[in-house]
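Reader: I would like a close look at a single part of this model. Please start there and then work outward.

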Amino acid sequence: MAAITFGQNDAETMYNAFNNVFLTRPGGGDVYYKTAINNADRGGTWSGSLDILGAEDAYERTGDPEKKDLVNDLLTTWLKYNPIPWSWDGWNDDIGWFSLALIRGYQMTGDQPFLDTAKYGFDYAFGRGWETQHNDGGIWEENPEYSARENPPRAATKEALANDSLGKVACMIYQSTHDEGYLEKGKQIYAWVSTHLFDSETGQVNTGVNQSGKVDTGTAAYNQGTFLDYANLLYEITGNRDYYNDAKRAIDFGRDKLTVNGVFNNPAGYLNTWADEMARGAGHFVRDSGLWSEYYSWIKQNADAIVQNRRTDLGLTWNAWAQPTPGDSALTANNFVSAMAWLQFTPAMQPNEIGGIHTITNQGTGMAIDSAGKYGNGSPVIQWGKNDSLNQRWLLTQNSDTSWNIVNLATWESLDCPGGSDADNLPMVQWFSGRAPNQRWWIDQQSDGTYKIWNKASGKALDSANNTSNGAALMQYGWNGSSAQRWLLE
């Protein structure tokens, strides 16, 4: 009998299975994931946030409107039951997970309360948690005034969980607002983590450090993955290759040292999630930097193990991906979300060269598509001599209909055909990334290796108008096959 392997529909199938088992709509507009297979209570605060991050993974993979609606409903319900202020929670990593689900949700839905609350969460945790008297900086895992009241009192430590989750939040708030203050704090936290918790020789992310400077060298897939995703975010935002190099070391350590024969596998009963953040970190880094030739077989190996060891009655896999999932009804939603998340970042076949970060240059003129670094809905997209700046770096990711999103790394806004108009010579703009049809692009390789890039809503192709002037508008025009409409992905 042939071994079961990961296939085209398995990511969607496991997402649906997760929702079939845990998604609850009790009425009154509430939507949430229940706690466990046999426990219908609403998921907890940070644990509920981790489940929502899994739903966000599925939307990221597909861009499907119904998945966006679910993310919106889940976060709206979560905020209803967990309003600010959050002073009742002394754990700064909890605030990190709350805020991470919210800022990511804002980037998907544009719902302002999600952004506002994520900013509150970061500002609150950073404001109370960052201190320099011990360890030259860093954010407390649990703030000392809270840990001293534990029974028994707990020694305060600074750990990767709080620092890396909140660092990611700061970076994503910057992407969403261009408030430089958040980017500077993101860099500040990262600089501390990289010198106190990250081993740049091996790529290991250590658990934390106590007040006297003793490092806890314990490892966990979620710490490794959160740091990896954090490093990749800063690399894409700044273009600084040092962050890329850290991300590369982190993914390699995770693959080589935190797996069993290459597969993430942890059956510990006390665990909630295990490798969900590794799924995001590895998925984003490999996809965006076009590293499929190096990592696809490993990513697919883990996906194969996940589908091979599903619980057949539920279609779900627990944290020990190399072992059959037990028939334990007390297992929580968190026990299953890591496997579901990993599949959202695993293509059924090794992707081609279209996806990832590119400079897009015109065959006829050699000019590059450029954002001019101007942030804001309606900002023009222009052409400029190739200079490899962030203004000219575009992230291409795919939707479930096989169309592409084209997002600029300087502005973090999407290439947009205004209103989906089919008018010839219409200048293109940037807009908040909503993945609407006028922001979806078909990218078709031509016989000479160049690409036709045309809009789903308008049906018109990107056109340079053969203009070689810096600052010339990027147009659309009916396809005629000329060099003005042929593009190179570099």
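With which side chain does the side chain of Asp-288 make a polar contact?

Author: The model is predicted. The side chain of Asp-288 makes a polar contact with the side chain of Arg-287, at 2.6 Å. Asp-288 sits in helix H11, which covers residues 276–289. Is Asp-288 buried or exposed? Its relative accessibility is 3%, and buried means under 20%, so Asp-288 counts as buried.

Now the surroundings of Asp-288. Set aside its neighbours within four places in sequence. Asp-288 is then in contact with Asn-232, Glu-236, Gly-356, Ile-357 and Leu-395.

Stay on the helix. Ala-282 is also found in H11. Its relative accessible area is 1%, so Ala-282 is buried. Leave out neighbours within four places in sequence again. Ala-282 is then in contact with Leu-228, Ile-251, Arg-287 and Trp-298. Arg-287 therefore appears twice: it is a contact of Ala-282, and its side chain meets that of Asp-288. There is also a C-alpha distance to note. Ala-282 and Gly-254 are 28 residues apart along the chain, and their C-alpha atoms are separated by 9.3 Å.

Next, a loop. Asn-399 lies between strand E11 (394–398) and strand E12 (404–408). With a relative accessible area of 5%, Asn-399 is buried. Residues up to four places away in sequence are not counted here. Asn-399 touches Arg-61, Thr-62, Gly-63, Trp-404, Asn-405, Arg-435 and Arg-440. The C-alpha atoms of Asn-399 and Leu-316 are 24 Å apart, with their positions 83 residues apart along the chain.

Now the nonpolar cores. In soluble globular proteins, nonpolar side chains tend to be buried together. In this model, the largest nonpolar core has 118 residues. Phe-264 and Trp-342 have the most contacts inside it. Helix H7 (residues 160–177) supplies the largest share of this core, 10 residues. Another core lies apart from it, with 20 residues. Among them are Ile-354, Leu-396, Leu-426 and Ile-443.

The cysteines are quickly covered. The count of disulfides is 0. The cut-off is a pair of cysteine sulfur atoms within 2.5 Å. Cys-171 is buried, with a relative accessible area of 0%. Cys-417 is buried too, also at 0%.

A helix comes next. H5 covers residues 112–129 and has 18 residues. At 1.5 Å a residue it should span 26 Å. Its end C-alpha atoms are 25 Å apart, which agrees. Its buried residues are Phe-114, Leu-115, Thr-117, Ala-118, Tyr-120, Gly-121, Phe-122, Ala-125, Phe-126, Arg-128 and Gly-129. What do they pack against? The partners are helix H3 (65–81), helix H4 (92–109), helix H6 (144–147), H7 and helix H8 (180–196). H7 also gives the largest share of the largest core.

Now the strands. Strands of a sheet pair through backbone hydrogen bonds, either parallel or antiparallel. One open sheet here has 3 strands, in the order E4-E5-E6, with antiparallel pairing. Strand E4 (157–159) and strand E6 (215–216) stand at the edges. Each has a single partner strand, so one side of each is left without a neighbour in the sheet. E4 joins strand E5 (residues 208–210) through 3 bridges, and the two run antiparallel. Glu-159 stands opposite Gly-208 in E5.

Two hairpins remain, both using E2. Strand E1 (residues 23–27) and strand E2 (residues 30–36) run antiparallel, joined by 3 bridges. The bridge partner of Gly-27 is Asp-30 in E2. This hairpin has 2 residues between its strands. Gly-28, in the turn, has a positive phi of about 70 degrees.

The other hairpin joins E2 to E3, again through 2 residues. Strand E3 covers residues 39–42, and 2 bridges link it to E2 in an antiparallel run. Ala-36 stands opposite Asn-39 in E3.

Back to the starting point. Asp-288 is a buried residue at 3% relative accessibility. Its side chain has a polar contact with that of Arg-287.

Definitions and conventions. Residues numbered from 1 in each chain as written. Predicted model: local features only at pLDDT ≥ 70, side-chain atom pairs only at ≥ 80, totals over all residues. Heavy atoms only, no water. Core = buried A, V, L, I, M, F, W, Y, C linked by side-chain atoms within 4.5 Å. Buried < 20%, exposed > 50% of the residue type's maximum accessible area, 1.4 Å probe, protein only. Helix = DSSP H or I, 4+ residues; strand = E, 2+ residues; numbered from the N terminus. Expected span 1.5 Å × (residues − 1). Contact = heavy atoms within 4.5 Å. Polar contact = N/O pair within 3.5 Å; in protein donor to acceptor, adjacent residues only side chain to side chain. Pairing = 2+ DSSP bridges.
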